[in-house]
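Hi,

Here is the structure I promised to pass on. Have a look at it first, and my notes follow underneath.

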Amino acid sequence: MINHFRTHLLNRPQRFFADSRFPIYTAPGFVPAPYDEATKRIDTILFGRTENTTLRDFRFLLFLRLIKACGLEGHTQRFDHRKTYKLDQFSCVDHGELRTPPRRSLEEIIEETLSLGQETYFELFAPLRNDYPEYEKGFRHVTDTLHKFCMILFAQAIRLERFFCPKTSCLSTIA
């Protein structure tokens, strides 16, 4: 389900989102995964250093629109096929809904993410090679920057879910 992808990409407990202006479900028992150097660097670029709940949700919704525009929304449901909300519910979300507008544009986030360097990309994709090779292949062989960016989003969520999270605390709590 989209919430499964969102929960792992945003990597924050349910109580963190209590004040968000965008009511998107997070499983009450979700335990965030610890970051390694690469996933923390990527998270900081994607969502900034602020712990603003609404801004994190806003960024996710922008990323989700981008994923949909690239025709890659099926990847958001790879591990859980249930649909709990539709992107259309948030089609009118804009900066006006934010108390504090974002400091960086989506274009700046994409550019910064795609200029991280080989070491970070290796740390992100290498552990996924055996089970999820399509993300690294997509990142390496697709020349379209938007698709490359989406491969990083998917790899980030899978790395946090599959490699840093005890199976009993994360996977079983997503409803």
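**What I found**

Asp-57 is buried, because its relative accessible area is 0% and the cut-off for buried is under 20%. Before I go on, please keep in mind that this is a predicted model. Asp-57 belongs to helix α3, and its side chain makes a polar contact of 2.8 Å with the side chain of Arg-6. If you leave out residues up to four places away in sequence, Asp-57 touches Arg-6, Leu-10, Phe-17, Ser-20, Phe-22 and Ile-24.

Two of those names come back together in another contact. The charged end of Arg-6 sits over the ring of Phe-17, at 4.4 Å from the ring centre. So Arg-6 has Asp-57 as a polar partner and a ring under its charged end, that of Phe-17. There is also an arrangement of this kind for Arg-12, whose charged end sits over the ring of Phe-16, 5.7 Å from the centre.

**The overall picture**

The protein has eight helices and zero strands, so you will read α-α-α-α-α-α-α-α from the N terminus on. It has 175 residues, and 51% of them count as buried. About 8600 Å² is exposed, with carbon and sulfur atoms supplying 53% of that area. Among contacts in the protein with a separation of 6 or more, 76% are between residues 24 or more positions apart.

**The core**

Which residues touch the most other members of the largest nonpolar core? They are Leu-9, Leu-46 and Phe-63, in a core of 42 residues. At least two residues of this core come from each of α1 (2-10), α2 (37-47), α3, α4 (106-113), α5 (118-125), α6 (133-141) and α7.

Leu-9 gives you a good way in. Not counting residues up to four places away in sequence, Leu-9 touches a list that includes Leu-46, Phe-47, Phe-60 and Phe-63, and also Leu-153, Ala-157 and Leu-160. Asp-43 and Gln-156 are on that list as well.

**Aromatic rings**

The count of aromatic pairs comes to eight. One of them is Phe-63 with Phe-149: the ring centres are 5.4 Å apart and the planes are at 65 degrees, which makes the pair edge-to-face because that label applies over 60 degrees. The pair links distant parts of the chain, with Phe-63 in helix α3 (residues 53-69) and Phe-149 in helix α7 (residues 145-163), 86 residues apart.

Are these two rings buried or exposed? Phe-63 is buried with a relative accessible area of 1%, and Phe-149 is buried at 0%. Elsewhere, Phe-5, Phe-60, Tyr-135 and Phe-154 form one aromatic cluster.

**Helix α2 and its ends**

α2 is mostly covered, with eight of its eleven residues buried. The buried ones are Ala-38, Thr-39, Ile-42, Asp-43, Thr-44, Ile-45, Leu-46 and Phe-47.

At the start of α2, Asp-36 shows up in two contacts. A side-chain oxygen of Asp-36 reaches to within 3.3 Å of the backbone nitrogen of Ala-38. The side chain of Asp-36 also makes a polar contact of 2.7 Å with the side chain of Thr-39. Thr-39 lies in α2 and is buried, with a relative accessible area of 0%.

Past the other end, α2 is followed by Gly-48, which has a positive phi, near 80 degrees.

**Two loop residues**

Where is Asn-11 found? It is in the loop between α1 and α2. Its phi is near 55 degrees, a positive value in a residue other than glycine. Asn-11 counts as buried, at 2% relative accessibility.

Val-142 is in the loop between α6 and α7. Its relative accessible area is 29%, so Val-142 is partly exposed, a class that runs between 20% and 50%. Leaving aside neighbours within four places in sequence, Val-142 is in contact with Lys-137, His-147 and Lys-148.

If you open the model with one view in mind, I would suggest Arg-6 with Asp-57 and Phe-17.

Cheers

How values were computed:
Residues are numbered from 1 along each chain as its sequence is written. This is a predicted model: local features need pLDDT of at least 70, side-chain atom pairs count only at pLDDT 80 or more; totals for chains, interfaces and linings use all residues. Side-chain values use heavy atoms; hydrogens and water are left out. Rings of Phe, Tyr and Trp (its six-membered ring) pair if their centres lie within 6.5 Å; planes under 30 degrees apart count as stacked, over 60 as edge-to-face and the rest as tilted. Helices (H or I, at least four residues) and strands (E, at least two) are DSSP runs, numbered from the N terminus. Buried means under 20% relative accessible area, exposed over 50%, partly exposed in between (1.4 Å probe, protein chains only). A charge sits over a ring if NZ of Lys or CZ of Arg is within 6 Å of the ring centre and within 35 degrees of the ring normal. Contact means heavy atoms within 4.5 Å. Accessible areas come from the Shrake-Rupley method with a 1.4 Å probe; for residues, only the protein chains shown count as cover. A nonpolar core is a set of buried Ala, Val, Leu, Ile, Met, Phe, Trp, Tyr and Cys residues joined through side-chain atoms within 4.5 Å. A polar contact is a pair of N or O atoms within 3.5 Å; within protein, one must be able to donate a hydrogen and the other to accept it, and residues adjacent in sequence count only if both atoms are side-chain atoms.
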